[in-house]
Amino acid sequence: MSIDVVLMSRAGCHLCEIARDDLAQILPDYGLSARVVDIDTDAELVAEYGERVPVLLLDGDEHAHFRIDETALRRALAARGAC
């Protein structure tokens, strides 16, 4: 089963860099990778997320913002059928 993992981010965001690094350590265990979207390239995304980045989406559902909780993410991935 494939899970769509998207990190809403922006350039120069320290928390976004940490979230990318965290995901790079966790997602390979499940054969997954994250697509990173720079919200500053789309006015609608800026309006929706503003300063509330990074935001992690799993299959379009908001899973976390600001920080990635490894335990909660692993639990959510397992619940979605990730091995």
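Let's start with the fold: strand β1, helix α1 (residues 14-26) and strand β2 together form a β-α-β unit, and its hand is right-handed. Keep in mind as we go that this is a predicted model.

Strand β1 is a good place to settle in. On one side, β1 runs parallel to β2 (residues 35-38), and four bridges join the two. β1 also pairs with β3 (residues 55-58), here in the antiparallel sense, again over four bridges. V6 shows both partnerships: V6 stands opposite R35 in β2 and opposite L57 in β3.

How many residues of β1 are buried? Five of its five are, which leaves the strand mostly covered. Look at the two faces in turn and you will find cover on both: V5, L7 and S9 are buried on one side, and V6 and M8 are buried on the other.

Now follow β1 (residues 5-9) to S9. S9 has a relative accessible area of 2%, so it counts as buried, the cut-off being under 20%. What does the side chain of S9 make a polar contact with? Its partner is the side chain of R20, at 3.0 Å. Leaving aside residues up to four places away in sequence, S9 touches C16, R20, V36, V37, D38, I39 and V53.

C16, one of the residues that S9 touches, brings us to the cysteines. C16 is buried, with a relative accessible area of 0%, and C13 is buried too, at 12%. A disulfide is a covalent bond between the sulfur atoms of two cysteines. How many disulfides does the structure hold? The count is zero.

Salt bridges are another matter, with a count of eight. Let's visit three of them. In one, E51 meets R10, and the closest N and O atoms are 3.8 Å apart. E51 sits in the loop between α2 (43-49) and β3, while R10 sits in the loop between β1 and α1, so this pair ties together parts that are 41 residues apart in sequence. The two partners have contrasting surroundings: E51 is exposed, with 67% relative accessibility, whereas R10 is buried, with a relative accessible area of 14%. There is a wider network here as well, in which salt bridges link R10, D40 and E51.

Next, find the salt bridge between the side chains of E62 and R52, where N and O are 2.8 Å apart. E62 belongs to strand β4 (residues 61-65) and R52 to the loop between α2 and β3, so the parts that this pair ties together are ten residues apart in sequence. Are these side chains' residues buried or exposed? Neither word quite fits: E62 is partly exposed at 41% relative accessibility, and R52 is partly exposed at 27%.

Our last stop is the salt bridge that joins the side chains of D59 and R80, with an N to O distance of 3.2 Å. This pair links distant parts of the chain, 21 residues apart: D59 is in the loop between β3 and β4, and R80 is in the segment after α3 (70-79). D59 counts as partly exposed, at 38% relative accessibility, and R80 is partly exposed as well, with a relative accessible area of 25%.

Technical notes. Residues are numbered from 1 along each chain as its sequence is written. This is a predicted model: local features need pLDDT of at least 70, side-chain atom pairs count only at pLDDT 80 or more; totals for chains, interfaces and linings use all residues. Side-chain values use heavy atoms; hydrogens and water are left out. A disulfide is a pair of cysteine sulfur atoms within 2.5 Å. Buried means under 20% relative accessible area, exposed over 50%, partly exposed in between (1.4 Å probe, protein chains only). A polar contact is a pair of N or O atoms within 3.5 Å; within protein, one must be able to donate a hydrogen and the other to accept it, and residues adjacent in sequence count only if both atoms are side-chain atoms. Contact means heavy atoms within 4.5 Å. Two strands pair if DSSP finds at least two bridges between them. A crossover is right-handed if, with the strands pointing away from the viewer, the path from the first strand over the helix to the second runs clockwise. A salt bridge is a side-chain nitrogen of Lys or Arg within 4 Å of a carboxyl oxygen of Asp or Glu.
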